[in-house]
Amino acid sequence: MTTLHNLGFPRIGARRELKQAQEAYWAGTLQQSELEHVGRSLRERHWALQAQAGIDLLPVGDFAWYDQILEFSCLLGVVPARFGQDADADVDLDTLFRMARGRAPTGTPAAACEMTKWFDTNYHYIVPELAVDQSFRIARESLFEQVEEAKALGHDPKPVIPGPLTYLYLSKGEDFDGADDSAKLALLETLIPVYRRILQRLADQGVQWVQIDEPILVLDLPDAWQRAYLRVYDQLAAASTARLLLATYFGALKNNLFTALELPVAGLHLDRVRGDDDLEQVISRLGDKVLSLGYINGRNIWRTDLDAALATLKPLKEALGDRLWLAPSCSLLHSPVDLDQEDKLDTELKSWLSFAKQKLDELALLGGALDGDAAAEAGLQAQREALRARSESTRIHNPAVAERIGASGDLSRDRLSPFAERIAKQQDALKLPAFPTTTIGSFPQTREIREARRDWKAGKLDDAAYTEQMKQEIARCIRYQEEVELDVLVHGEAERNDMVEYFGELLEGFAFTRFGWVQSYGSRCVKPPIIFGDVRRPNPMTVEWARYAQSLTDKPVKGMLTGPVTILQWSFVRDDQPRSETCKQIALALRDEVRDLENAGIKVIQIDEPALREGLPLRQGEWQAYLDWAVDCFRLATVGVDDDTQIHTHMCYSEFNDIIEAIAALDADVITIETSRSNMELLDAFRDFQYPNDIGPGVYDIHSPNEPDVAWMVGLMEKAAERLPKERLWVNPDCGLKTRKWEETQGALANMVAAAKQLRTA
Ligand code: GLN
Ligand code: ZN
């Protein structure tokens, strides 16, 4: 029988039990022993569920209190000095939490470790911090304990650990220059012996297979890193009596494929959803290794076309026999937990979907069918039927949308006039001072606002009462901005739960789950909408709110929209057409909204694209194609306005060097960005490129409750003015204010406006 295994299961729990327990523990209302208990019962439940589905080898080590890379750093004793870790003692749970969040119920607070995106997913890991003379040791027992735990429950555990090269690549250190600095490779000498000890201990526990994750093999690796593989794995293989399964995911191995195939490991896993390495080539160089293939998508929520997978798998099975294994494409960490809980989704839509638990059933079905199990036929038939129904559903295909997309090639992608002419007309129309001030859109989402929305959604507050309350919030927000003398006002986004969900709920083609949570980082989870069909805007979405806000003031109020790439990036996207097509549909819907806002008298319109950079493919060779369609969609959405309507965009990250050309190609009249923490240095990219349009470099960090100082903000703007013409500069915070309290916001914005006034008189 074909061996089935899983690369990882979501740890949060079907009802986010882990989140609740962690947060209660941090708040001091749950004992550590109670927290441990929640963790243990989640592991037990998840293993049982996988075993019941028919999975042979169960992942252990995929559970993490905060993040799996952080767990492994603690296992290796990689704890930065500021956390005061005793060099001989084990790393305890509170130290782990202090590394993640800066504080824990015990121990002295210290600056938290950096967090960054896990490849091109929306998951974030805690970046290991390494010194040049970093020492490693086995400093935490939880992995070994969890192996015992799984064994005691009668399971066959397959520990999952990050591979040494991936671990080093993902780490940083003052003495290292970027992810791929080959100086890090010198640490292998001390790191490998500890890996050997870990593998030996696992083997001593009776473990047969260890999954060792090396996802960096799907990246463009410098030679030194690629060459290190053979050396490292020779040493690891020699140490261990457990067999190593090298797992790769998120893409094809391409130029790293032969390297992976040469390694002295017992098995290799390839992602067949995002990877398209030539399987004939793989087989011809596989030797006696196990080949594990992932056809079930760990990163999206659609049922798999099992017939298509079987067509490839059957001849492979002939060739490889028991050496062919099956798994999901990557860890199911990136999938919601269980579709069965979705009692509000209609049965038709539900029949197209698969969450982590259902994916395991799909995997078992695929395995059964491959083994010629007669019982699999009924399951396959049902799957086929669901897929056919989906592909033919009139809910997915809207001829009007298809027609519009067909004709969209003829739509202009250019504003009527070049920026220099536009900005002159805009200045005439808007009459703004030098160093104009504005904010990024949201104002504090108070408890009253959230309660009103909850009551309204529960039917306890009627539409009229809800609208009235939101209008009062908007009025308060406008009044405040006038008082503090901001120049371009916003309505404050009180009516929005979330910048993507809000639009998804007003567009056709989107569906929402009740429990479709996916871990983003630590205890934070997101619930991405599902884009299942053609996107259409049945009605204007923001116009009435904007019109109301503008009616309250003579100052310009910015219309506020989420951009097409960001809506795409933060959703589960249909897999039956290219992402670029879906993005274009969203762009066309937004184009109508932009025009309607303009017609309603809104002279400034902002289209947020904070996720533009996240969409970058893992391989640089694929960047341009992505940026081309991303920029095209932004322009499609925004260019249909008159010269004197001012288009803003906003991005809250601080790396623009390598995409500055695309940023300029957006041709937004004004871009506001996050800069306060980088001391304006990121503006070098704009200076070097001679970026022509207006820029608002954020002057204070909205993540901090501290009140920014006037002189400090003036200083930052002076630094900005050394890099860019001061006529082009705006003054604004780094991002939206929705997570701040009103008291904090008031102090901060008053100081910001004071700073702008000071700059004007200088
Ligand atoms: N307009 C949004 C806000 O102010 C932008 C949020 C973001 O950049 N993530 O909240
Ligand atoms: Zn932002």
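**Entry 1: strand β7**

I began with strand β7, residues 243–247, and found that four of its five residues are buried, so the strand counts as mostly covered. The model I am reading is a predicted one.

I then looked up the neighbours of β7. Strand β6, residues 209–213, pairs with β7 in the parallel sense, and five bridges link the two. As one point of reference on this side, I noted that W209 stands opposite R243 of β7.

With strand β8, residues 267–271, β7 also runs parallel, and here I recorded three bridges. In β8, H269 is the bridge partner of A247. I followed the chain from β7 to β8: the path passes through helix α9, residues 257–262, and this β-α-β crossover is right-handed.

**Entry 2: ligand 1**

Which residues come closest to ligand 1? I listed S442, E493, D608, H650 and G736 as the closest, out of 13 residues that surround the ligand. I sorted this shell by residue character and obtained six nonpolar, four polar and three charged residues.

Next I looked up polar contacts of the ligand. The side chain of S442 has an N or O atom 2.7 Å from an oxygen atom of ligand 1. For I440, the atom concerned belongs to the backbone: a backbone N or O atom lies 3.1 Å from a nitrogen atom of ligand 1. I also noted K738, where a polar side-chain atom lies 3.4 Å from an oxygen atom of the ligand. As to cover, ligand 1 on its own has 300 Å² of accessible area, and the protein covers 93% of this.

**Entry 3: two residues with positive phi**

I checked backbone angles with a general expectation in mind: most residues other than glycine have a negative phi. I noted two residues with a positive value.

K431, which is not a glycine, has a positive phi of about 50 degrees. I placed K431 in the loop between α16 (419–430) and α17 (447–457).

M680, likewise not a glycine, has a positive phi of about 70 degrees. I located M680 in the loop between β19 (670–673) and α25 (683–689).

Is each of these residues buried or exposed? K431 has a relative accessible area of 67%; the cut-off for exposed is over 50%, and therefore I entered K431 as exposed. M680 has a relative accessible area of 0%; buried means under 20%, so I entered M680 as buried.

Terms used: Residues are numbered from 1 along each chain as its sequence is written. Chains are lettered from A and ligands numbered from 1 in the order in which they are written. This is a predicted model: local features need pLDDT of at least 70, side-chain atom pairs count only at pLDDT 80 or more; totals for chains, interfaces and linings use all residues. Side-chain values use heavy atoms; hydrogens and water are left out. Buried means under 20% relative accessible area, exposed over 50%, partly exposed in between (1.4 Å probe, protein chains only). Two strands pair if DSSP finds at least two bridges between them. A crossover is right-handed if, with the strands pointing away from the viewer, the path from the first strand over the helix to the second runs clockwise. A residue is near a molecule or strand if one of its heavy atoms lies within 4 Å of it. A polar contact is a pair of N or O atoms within 3.5 Å; within protein, one must be able to donate a hydrogen and the other to accept it, and residues adjacent in sequence count only if both atoms are side-chain atoms. Accessible areas come from the Shrake-Rupley method with a 1.4 Å probe; for residues, only the protein chains shown count as cover. Ala, Val, Leu, Ile, Met, Phe, Trp, Tyr, Cys and Pro count as nonpolar, Asp, Glu, Lys and Arg as charged, and the others, Gly among them, as polar.
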